[in-house]
Amino acid sequence: MLGLLKRIFDNNERKLKELQEIVDQIEAREPEYEKLTDEQLVAKTDEFKQRYQAGETLDDLLVEAYAVVREGSKRVLNMRPYPVQLMGAIVLHGGDIAEMKTGEGKTLASTMPAYLNALTGKGVHIITVNEYLADRDAREMGELFRFLGLTVGLNVNSMNKTEKRAAYQADITYGTNNEFGFDYLRDNMVLYKEQMVQRPLNFAIIDEVDSILIDEARTPLIISGSARKSAALYQQANTFVRTLKKEVDYTYDVKTKGVQLSEEGITKAENFFNVDNLFDLNHVTLTHHINQALKAHVSMHRDMDYVVKEGKVVIVDQFTGRLMEGRRYSDGLHQAIEAKEGLPIQNESMTLASITFQNYFRMYNKLAGMTGTAKTEEEEFRNIYNMNVFAIPTNKPVIRNDRPDLIYKTMEGKFNAVVADIKERNKKGQPVLVGTVAVETSELISKLLKKAGVKHNVLNAKNHFREAEIIENAGEKFA
């Protein structure tokens, strides 16, 4: 174990030395590029494109291209990338993962490899975890790219095919992992090539890469069509499941979310539906409906796994806490939840096309990523995606104080302590961010804070439309 850690550490140190040498070359170009007029700086883009066409590689152009982006960034965004951001940018161009701590400016670091790889004309995709970030980055960083003579596209859910095609034709396209994945599936369902929106997948830079490529890697993206309607059986199964008692009629495994009927439960089901043997081949559909109704009642929790909005069941994304409008659980689970909540039961769906993030992103010619936490999954990144993880040092020493965990006997004790701590900090004007795993927990803490007289904002799947406004004021005094 010690040997492995030593090897990883040495490898990282060695890489940082290599990166520093390239960073020094980029830094050395600064006085020369500062003297250029805006027109001369912008003309560099066409010069690089011609040199690439003439046979120079992107690696040959890296030092000059990064120096141009840095100079452009100073003029347009009023931001000068730090040497550590240049290091991260070089790692990204190499198709690896730059582990950069939160607040170290990953967004600005991504502009350099995006610019360099866009010179090929094959397109670069910058992938974020939500549309708010995609929109923000496309607007803010888009200014820099447009100044340097590149086109920028934004790919969001509300666009039609023509708008999407235009977004994909841009040199650099921003969007979410879900949107890119679904566009790929839709492209594979069209009849004629002209109807496709995506170009061949060239280079992707993924923000929060561990969340998308590891945590959500096996999450399937599914496009489904309408199938048969069997509302009555869902209602009956729902009525039956309401009569069952936990640990008597069924068992529930919290870890796997698995629910199973016990012997008593099976007997009850046979009596309720008036059948001799529940597991007879003729009763497969009935068994399936009972199992889904059980799952809906026992393992799917309102305001945690889903919310009810305007008479519809809307899934909550367990990774981002956002509402997944228009998505439905497959295999009749969505219908079972609708029956449980007493809502009209929609048509069942059948899968028409499906792909996991892991399979989708492995189709890119080159893949890079950035995050604050990737070293722990380094082996998986290497084995599955052939990507190495390099920890980039911070620009200044970290002054954040990481405290040990506090453990309480009861939930009540824990939340009271949380509220007392928040109240204390709020009095001093210190801004506080409280993270919870579920919508209901965020609402419980909100209730306790109201009681304690602490003014606060709640950002969860139920009011995510105010996200930009809430985030804008977060981190201010008394927030």
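**Exercise 1.** Determine the handedness of the crossing of α5 and α6, and describe how these two helices meet.

*Solution.* In this predicted model, the crossing of α5 and α6 is right-handed. As a next step, take the axes of α5, which spans residues 83–93, and of α6, which spans residues 106–118: they come within 8 Å and cross at roughly 40 degrees. Angles under 35 degrees would count as roughly parallel and those from 65 to 115 as roughly perpendicular, so α5 is oblique to α6. Turning to the residues, α5 contributes Gln85, Leu86, Ala89, Leu92 and His93, which meet a set in α6 that includes Leu108, Met112, Pro113 and Leu116. Sorted by class, this contact has 8 nonpolar and 4 polar residues, with no charged ones.

**Exercise 2.** Work out in which sense β9 and β10 pair, and what joins them.

*Solution.* Strand β9 (residues 306–309) and strand β10 (residues 312–316) pair in the antiparallel sense, over 4 bridges. To follow one of these bridges, start from Tyr306, whose partner in β10 is Ile315. The two strands form a hairpin with 2 residues between them, and in that turn Glu310 has a positive phi of about 50 degrees.

**Exercise 3.** Classify the geometry of the rings of Phe240 and Phe273, and locate both residues along the chain.

*Solution.* A search of the whole structure finds 11 aromatic pairs. The ring centres of Phe240 and Phe273 are 5.6 Å apart and the planes stand at 65 degrees, so this pair is edge-to-face. The pair links distant parts of the chain, since Phe240 belongs to helix α11 (residues 231–241), while Phe273 lies in the loop between α12 and α13, 33 residues apart from Phe240.

Conventions: Residues numbered from 1 in each chain as written. Predicted model: local features only at pLDDT ≥ 70, side-chain atom pairs only at ≥ 80, totals over all residues. Heavy atoms only, no water. Axes fitted to C-alpha atoms, helices over the stretch in contact; angles between N-to-C directions. Parallel < 35°, antiparallel > 145°, perpendicular 65-115°, else oblique. Left-handed = near helix turned anticlockwise from the far one by under 90°. Contact = heavy atoms within 4.5 Å. Nonpolar A, V, L, I, M, F, W, Y, C, P; charged D, E, K, R; others polar. Pairing = 2+ DSSP bridges. Phe/Tyr/Trp six-rings, centres within 6.5 Å; stacked < 30°, edge-to-face > 60°.
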